[in-house]
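The following exercises invite the reader to work through a protein structure step by step. Each task is followed by a worked solution.

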Amino acid sequence: MFGPTPIRDIGLVAGFELREMLRSRKALAILALYLLVAAFISYAFMDFLETAQASLRNPAALLGGDVRGPAAGRRGLVVAPSPPDKPSQGILTARGSPFNRVIFSRITDPASRDFLERQPPIMLFFAYTSFALIPLLIMITAAETLAQEHQSRGIRFVAMRTGRAEYALGKGLGQAGLLGAVTFLAGLLSLGIAAWKLSDFEWSAGLRSLVVFWPRLTVFGLPFLGMAMLCSMNTGSAMVARVAGLGGLAGLFVTHQLFQKYQESSLGPVLRVLDFLAPYSHQDNFWLPSWQDCGPEMLLLAGLAFGYVGVGLLFYRRRDL
Amino acid sequence: MSAPAPADAALSLRAVGKNYGRIRALDGLDLVVPRGSVFGLVGPNGAGKTTTFSIVCGWLRANRGEVDVLGEGAFDPARHRGRVTALPQDSALGRDMTVVEQLTHLGRLQGLGARETREEVERILALVDLTDRARDRVRTLSHGMLRRVGIGQAFLGDPELVLLDEPTNGLDPRQAHTIREFIAAQRGTRTIVVSSHNLHEIETVCDHVALIDRGRVVMAGPVSAVTGRDDEVRITLAEGPVPLTETRAALAGDTAEWDEADRVLTLRFQEKPGRAAEDVTGAALRALLAGGARVSSVARGQSLERTYLELPALPPEQKP
C-alpha cells in the first residue's frame with residue numbers, strides 16, 4: 001500500500017494541500033467562518049459579563065427591574081452614577097461568587113476546579129464552544145478534500161506517482177495543520193476581544209491558557225477529521241462526501257446521547273463499546289488539569305483518528321478512481 | 001497457469017475483463033505492446049480504450065485477466081512511479097496553483113530531486129510552449145493549454161512507458177503537429193501508447209496499432225502489416241485501357257486484382273531477397289504504361305482509416 005518513501009510523499013502532499021488551500025482562499029474562508037463565530041461568542045460572553053456585573057450592583061436587574069452600569073446605557077435605562085468603564089472577569093472567577101458557584105457546580109474534583117478557576121473565563125468559554133463547533137466545521141470543510149479530486153479525476157495525475165495511503169494521509173495531515181492554525185488564531189482573537197473589553201484581563205494568563213487548550217482542541221478535532229477523510233476517500237463527489245460526513249457526525253452524537261441515557265439498560269455494554277469509538281465520550285477528560293490526566297485521552301483520540309483513516313483506506317485501496 | 005508476457009513487451013494484457021454494473025466494457029482483451037514502439041489504440045466510442053488505459057494505470061481494477069507493466073506485474077506506484085506516466089482523459093489539475101507549481105509537485109512526487117525537478121519543468125514548459133504562462137494559475141489557461149500541460153506532465157523525468165489518451169484533442173493544427181512530431185521522435189527511446197479517434201494521426205505517429213471493438217482486440221500488429229504496406233500496392237487508373245493480362249504476366253506469380261468500380265488495381269506479393277516491393281511495382285507500372293493505361297496514383301497498402309472501415313465486425317453506426 002505504501003510507496004518506497006512514504007514519509008517524504010506524505011510531507012509533499014501535506015505541504016501542497018496547505019498551499020493549495022491558502023491559494024484557493026479556502027483556508028481563509030474557513031478561518032473567517034471560525035473567527036466570525038469566535039468573535040460572535042466572545043462578544044456574547046462580554047455582554048453576559050457586563051449584565052452580570054450590573055446585576056451584582058443592582059440585583060433587581062436580574063428580575064427585570066432597575067439596571068445600572070454599561071448594559072443599562074445600551075438599553076436606555078436608568079444609569080448608575082460613575083459606572084466602571086469596562087466589565088471585570090473577577091465576578092466569575094472569584095471563589096464564592098454566585099457565578100463561580102453556578103459555573104463550577106458540576107465539578108466536584110478539587111484539583112479540576114482549582115485548575116479551571118485559574119483559567120481566564122473567556123478561554124473556558126472559547127474552548128467550550130469550540131468543542132461543539134470544531135466537528136461541524138471539519139465536516140463542512142474537510143470532507144470534500146479527496147472526493148473533489150475523484151469528481152474532477154485530478155487524482156489520476158497523482159495516483160501514478162504515489163500510493164493512495166500516502167496521498168490520503170498527506171491530505172489529512174494538511175487538513176490537520178489547517179485545523180491547528182485556525183484553532184490557534186481563533187483563540188487569539190477571543191483573547192484580543194477580551195483584552196479590549198475587560199478591565200482586568202492579563203495577556204500572559206490568557207496566552208498560557210491558550211497554550212493549554214489549543215493542543216487539546218486540535219487533538220479533539222482529529223478523530224472527526226479522520227471520519228471526514230474516511231467519507232472523502234470513499235465518495236465520488238464533494239457534496240456526497242459532505243453529506244456523509246455530517247451524517248457520520250450526527251451518528252456519533254446520537255450514539256453518545258443514547259449511551260448517556262441507556263448505559264444502565266441491557267444495551268449498555270454494546271453502547272459502551274460504540275460510545276468509546278465516539279470522540280464525544282472522551283471530551284470531559286480534556287478539562288482535566290494535568291497533561292498526565294488528559295494526555296492518554298489525547299493519544300487515544302489520535303489513535304481513533306488513525307483508526308477511522310485506516311478503515312477508510314481498507315476500502316480506498318481497492319476502489320476505482 | 002497462463003504463459004508469461006513476451007520478454008520484449010512493455011505492456012501485456014491477457015484476457016482482461018471489466019464490468020461497469022451490467023455493462024461489459026472489456027471482454028477478454030488481449031494486447032501486447034512491444035518495448036520502444038509507438039503504439040496506437042483505435043476504436044469507436046465505448047470500445048474500451050479509456051478503460052484499458054485506466055486498468056493499465058491502476059485507476060481501475062480489472063474483474064478478470066492479467067496485466068503486466070514493464071515485466072513487473074500490475075501497475076503499482078511503488079514499483080512504477082516515474083517509469084510509467086499517463087495523460088488521462090477528462091481529468092482536471094487543481095485550478096488555483098500555477099502551472100509551474102503543479103508540474104513541480106508532480107515531478108517531486110514521482111521521485112525527482114528539487115534541482116532535477118526545476119530543470120525538468122523548464123524543459124517540459126519549453127516543449128509544450130508554455131514557458132510564458134509558467135507563473136499563471138491553471139484556471140486561467142485555455143482548453144488547449146491545459147491539454148499541453150497534461151501532455152507535459154506525462155513526459156516529466158524519463159518514463160519508460162507513456163500512455164496518452166487523445167493527446168491532440170483540443171489542440172490547434174500547429175500545436176497538434178508539434179506534439180505528433182515529438183511523439184514520433186520518441187520511438188526507440190521509450191514506449192508510447194496513444195489512444196485516438198484520429199486514424200490519420202495514429203497512422204502518422206505509430207508503428208504498431210490495435211483496433212478495439214466491444215472490449216476486444218479485433219486486429220493488431222505493425223501499422224505496415226495492418227494496412228498492407230508490407231505486401232500490397234494499390235494503383236489507381238484513370239479512364240482508358242486496362243492491360244490486365246500483360247500486367248499479370250509481368251508479375252511472375254504475384255497476384256493482381258482489378259476493382260472496376262474504384263478503378264484500383266491491387267498487387268499482392270511477398271517481399272523476397274532481390275524482389276522488393278519497388279521491383280514488383282516497377283514491373284506492373286511498365287506493363288500498364290506499355291498497354292496504354294493512364295496511372296492516377298500509386299500507394300503501398302491502404303490507409304488505416306480504410307482498413308478500419310472495412311473491418312466486418314464493426315457495425316456502420318459505430319465507425320468514426
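**Exercise 1: A salt bridge between two loops**

In this predicted model, Asp158(B) and Arg190(B) form a salt bridge, with their closest N and O atoms 3.0 Å apart. Determine which parts of chain B this pair ties together, and state whether Asp158(B) is buried or exposed.

*Solution.*

Step 1. Locate the partners. Asp158(B) belongs to the loop between α5 and β6 of chain B, and Arg190(B) to the loop between α6 (173–185) and β7 (191–195), so the salt bridge ties together parts that are 32 residues apart in sequence.

Step 2. Classify Asp158(B). A residue counts as exposed when its relative accessible area is over 50%. Asp158(B) has a value of 59% and is therefore exposed.

Step 3. Classify Arg190(B). The limit for a buried residue is under 20%. Arg190(B) has a relative accessible area of 13%, so this residue is buried.

Step 4. Consider a network elsewhere in the chain. Glu232(B), Arg234(B), Glu257(B) and Arg268(B) are joined into one network by salt bridges that share partners.

**Exercise 2: A second pair within chain B**

Find how many residues apart in sequence the parts tied together by Arg83(B) and Glu160(B) are.

*Solution.*

Step 1. Establish the link. A salt bridge joins the side chains of Arg83(B) and Glu160(B), at 2.7 Å from N to O.

Step 2. Place both ends. Arg83(B) sits in the loop between α2 and β5, while Glu160(B) sits in the loop between α5 (143–154) and β6 (161–165), so the parts tied together are 77 residues apart in sequence.

Step 3. Compare each value with the classes. Arg83(B) has a relative accessible area of 22% and is partly exposed. Glu160(B), at 29%, also counts as partly exposed.

**Exercise 3: Salt bridges across the interface**

State how many salt bridges are found across the interface of chain B and chain A, and examine two of them.

*Solution.*

Step 1. Begin with the counts. Over all chains there are 32 salt bridges, and three are found across the interface of chain B and chain A.

Step 2. Take the pair Lys18(B) and Asp320(A), whose closest N and O atoms are 2.7 Å apart. Lys18(B) lies in strand β1 (residues 9–20) of chain B, and Asp320(A) in the segment after α14 (291–316) of chain A.

Step 3. Assess the surroundings of this pair. Lys18(B) has a relative accessible area of 4% and is therefore buried. Asp320(A) has 26% and is partly exposed.

Step 4. Add a further pair. Glu101(B) and Arg23(A) form a salt bridge through their side chains, at 2.7 Å from N to O.

**Exercise 4: The extent and make-up of the interface**

Describe how many residues each chain brings to the contact, and identify which element gives the most to the side of chain B that touches chain A.

*Solution.*

Step 1. Count the residues. Chain B contributes 36 residues and chain A contributes 31 residues.

Step 2. State the area. About 3,000 Å² is buried between the two chains, and carbon and sulfur atoms give 56% of this area.

Step 3. Count the polar contacts. There are 18 residue pairs in polar contact between chain B and chain A, with both residues at pLDDT 80 or more.

Step 4. Identify the elements. On the side of chain B that touches chain A, α2 (77–80), β5 (84–87) and α3 (99–109) each give two or more residues. The most comes from α3(B), with six residues.

Step 5. Sort by class. This side of chain B holds 16 nonpolar, twelve polar and eight charged residues.

**Exercise 5: The two chains side by side**

State how many helices and strands chain A has and how many chain B has; then examine Thr129(A).

*Solution.*

Step 1. Read the secondary structure. Chain A has 14 helices and zero strands, whereas chain B has eleven helices and 13 strands.

Step 2. Consider burial. Of the 321 residues in chain A, 51% are buried; of the 320 residues in chain B, 51% are buried.

Step 3. Consider the surface. The accessible surface of chain A is about 14,600 Å², with 67% belonging to carbon and sulfur atoms. For chain B the accessible surface is about 14,400 Å², with 50% belonging to such atoms.

Step 4. Turn to one residue. Thr129(A) is part of helix α7 (residues 121–141) of chain A. Its relative accessible area is 16%, so Thr129(A) is buried. A polar atom of the Thr129(A) side chain lies 3.0 Å from the backbone oxygen of Phe126(A).

Technical notes. Residues are numbered from 1 along each chain as its sequence is written. Chains are lettered from A and ligands numbered from 1 in the order in which they are written. This is a predicted model: local features need pLDDT of at least 70, side-chain atom pairs count only at pLDDT 80 or more; totals for chains, interfaces and linings use all residues. Side-chain values use heavy atoms; hydrogens and water are left out. Contact means heavy atoms within 4.5 Å. Buried area is the accessible area (1.4 Å probe) that two parts lose on being put together, summed over both. A salt bridge is a side-chain nitrogen of Lys or Arg within 4 Å of a carboxyl oxygen of Asp or Glu. A polar contact is a pair of N or O atoms within 3.5 Å; within protein, one must be able to donate a hydrogen and the other to accept it, and residues adjacent in sequence count only if both atoms are side-chain atoms. Helices (H or I, at least four residues) and strands (E, at least two) are DSSP runs, numbered from the N terminus. Ala, Val, Leu, Ile, Met, Phe, Trp, Tyr, Cys and Pro count as nonpolar, Asp, Glu, Lys and Arg as charged, and the others, Gly among them, as polar. Buried means under 20% relative accessible area, exposed over 50%, partly exposed in between (1.4 Å probe, protein chains only). Accessible areas come from the Shrake-Rupley method with a 1.4 Å probe; for residues, only the protein chains shown count as cover.
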